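Student: Before we begin, may I ask that each label be justified by setting its value against the relevant criterion?

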Amino acid sequence: MDEPGTVVIVSRQGSDWTWPLHVLAERYAYRVILAHSFSEALTTMATIHVDLAIAEDHEGEDAGLTFLTGLRVSHPDITRIYVTSKSDCISEPALSRAAIYQFLLKPVDSSQLGLVVERALETRELARRHRILSREFKISGDGLIFGERKNAVFRTESQRFEKLVYVSEKMAELCELARQAARTELPILIEGETGTGKELLARAIHYNSTRRASPLLVQNCGGVPDELLQSELFGHKRGSFTGAISDRLGLFRAADGGTVFLDEISEVSPSFQVSLLRFLQEGEVKPLGSDRVTHCDVRIIVASNRRLKNLVARGEFRQDLYFRLKGFEFEVPALRERPEDIGPLAEFFAAKHADAIGRKILGITANTIEKLSGGEFPGNVRELENEIRRMVALAKDGEYLTTRNMSATLLAAPPRRSSEAVAFLPEGVTLKDQVESLERQIVSRALVRNHWNQSRTANELGLSRVGLANKIKRYSLNEHGQQHQ
C-alpha cells in the first residue's frame, strides 16, 4: 500500500481482543482507532479516510452485524470484518447482506487477527488499483476509436491529508506544515473563507497528532450567548441558572487528553475572551455555579472566517488572546485562488456521492472540468461539492459526468479570466515582435508551471522535445523561466 491503512474498531470498553491490533499496528504500519459506539464510529468515518472497520457483537445481540450491513450502503468502500461469539447463530444470508470480508470467533487469536487485517488491507488496495487500471484501459480504447477531444476524460494524481484533497502547491505547502504542527502541542489558528475546509483541516491535524486516541469535540461559537457558551465549554452545576436541571460536564473536561475545535472564534464576546485566555494560560475549568476549579489537558484549535489580526487592530479582539491562539497560524486559500484543485476535488466528490447512492459513475469529461474550473465558486469547496452531488443525482448509471448535468447558473457563467492570462502583455512594434513576445511568455510560464519538466511542458504546449529545446535556446530562457539579459 502507498500509505498506511486506517482501521476503526467498534467495541465496548473492556473488550480484551482489541489490544493485539495496537501492538500489530506498529509491525504492519497501519493506524488503529477504537470507537466505543456505532455513532462514534460513523463520526470518525465522516471525518477521516477509513479503510477497514471491525465490529463486535455481544451475547444476545447482533448489533455489530446490523451496523456492518448499514455500512455497506453508507460507506461501500470500507472493508468489513465481523467479530462474534455466536458461531451457531451466524447465517450465510446475513453475512452476504453485509458483504463481510471475514468473520472471527471469540476468543480471537492475535496472530489470526493481524493476518486477517493485513490481507484485508492488501485486497482492498489491489481492488482499488484494478478499478483505476480498468477505467484507464477503457478510456484509452475510447480515445483510439473516436479520437475526439470532447470524449477525453479528466484524470489526475491528487494528494490527500485525511479528507482534504489537493494538487496545488498552496495546499501542499499548507498540509505539509499542518502535518508538522500536528506533532506538537501548540494551539492552532485556522483562517479562511466559509466553505474552504477549515474544520476538515482541524480534524486532520487532530487525527495525525499524539492525541488521536482521545476525543475531538467541536463547538461553533457563532451566535451563541455567553452563558450558554460558558456552559457548553466549562460545564455547570444543577440550578446554576434557569433551565440547568442537571449537572453538565462541559467540552473541556469531556475532551481531557484530546482536542477541542472552536469554530467562528471571532464572534465570541470580550468577556468570554477573558475566560478562554485564562483556560489557555492555566488549563483551569470552573463550571458555572461551582466553587471548585479543576485542570484539563486539552489542545485548542480555533477557526475564523475573519482575520483576527484585523480585529485586534480595530480593538474587537484581545491581542493577548490572539497571540495565545496562534501557536501555528494557517490560512486556507479560497478555491478561486487554486483552480487546479477543482478537478481532483470534483473527482473525489463524484466518487463519494456516487457510492452513497449506489450509482456507477465512470468519470468526468475534460470539458466539464474545464467549465467547472472557470467558475468563481464564492461558496468555495462546499459549493463545488453541492454542484457535483447534484450532477451525480442527475447522471444515469454507467455514464460520465458531462456539461449537460451541470446547473444552468454555472453553465451560463462567463469564463473566469486568470491572473496569468491578464498579465500577458506583448512587447514590440511590429506584429512579428509582438507574436514572439507572447510566445516567449507562454513558453516561459509553462516551464515554471511544470517546474522545468521539459517533457511535460512540451506535451502541454503540443510541441516535441526538440521543438521546445529550440524555443528555450531561441529566447535564451533560464531555469527561472526568465529571459537572459
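Student: Why is the contact between glutamate 199 and arginine 203 called a salt bridge?

Tutor: In this predicted model, the side chains of glutamate 199 and arginine 203 meet with an N to O distance of 3.0 Å. The criterion is a Lys or Arg side-chain nitrogen within 4 Å of an Asp or Glu carboxyl oxygen, so the contact qualifies as a salt bridge.

Student: What separates glutamate 199 and arginine 203 along helix 7?

Tutor: Both belong to helix 7 (residues 198–207), and because they are four residues apart, about one helical turn lies between them.

Student: Why does arginine 203 count as buried?

Tutor: Its relative accessibility is 13%, and buried means under 20%, so the label applies to arginine 203.

Student: What makes glutamate 199 partly exposed?

Tutor: Its relative accessible area is 30%. Partly exposed lies between the 20% and 50% cut-offs, so glutamate 199 belongs there.

Student: How do you know that glutamate 399 and arginine 404 form a salt bridge?

Tutor: Their closest N and O atoms are 3.4 Å apart, which is within 4 Å, and therefore the pair meets the criterion. Arginine 404 has a relative accessible area of 59%; exposed means over 50%, so arginine 404 is exposed.

Student: What makes the contact of lysine 471 with glutamate 439 a salt bridge, and which parts of the chain does the pair link?

Tutor: The N to O distance is 2.9 Å, so this pair too is within 4 Å. The pair links distant parts of the chain, 32 residues apart: lysine 471 lies in helix 20 (residues 465–474) and glutamate 439 in helix 18 (residues 431–449).

Notes
Residues numbered from 1 in each chain as written. Predicted model: local features only at pLDDT ≥ 70, side-chain atom pairs only at ≥ 80, totals over all residues. Heavy atoms only, no water. Helix = DSSP H or I, 4+ residues; strand = E, 2+ residues; numbered from the N terminus. Buried < 20%, exposed > 50% of the residue type's maximum accessible area, 1.4 Å probe, protein only.
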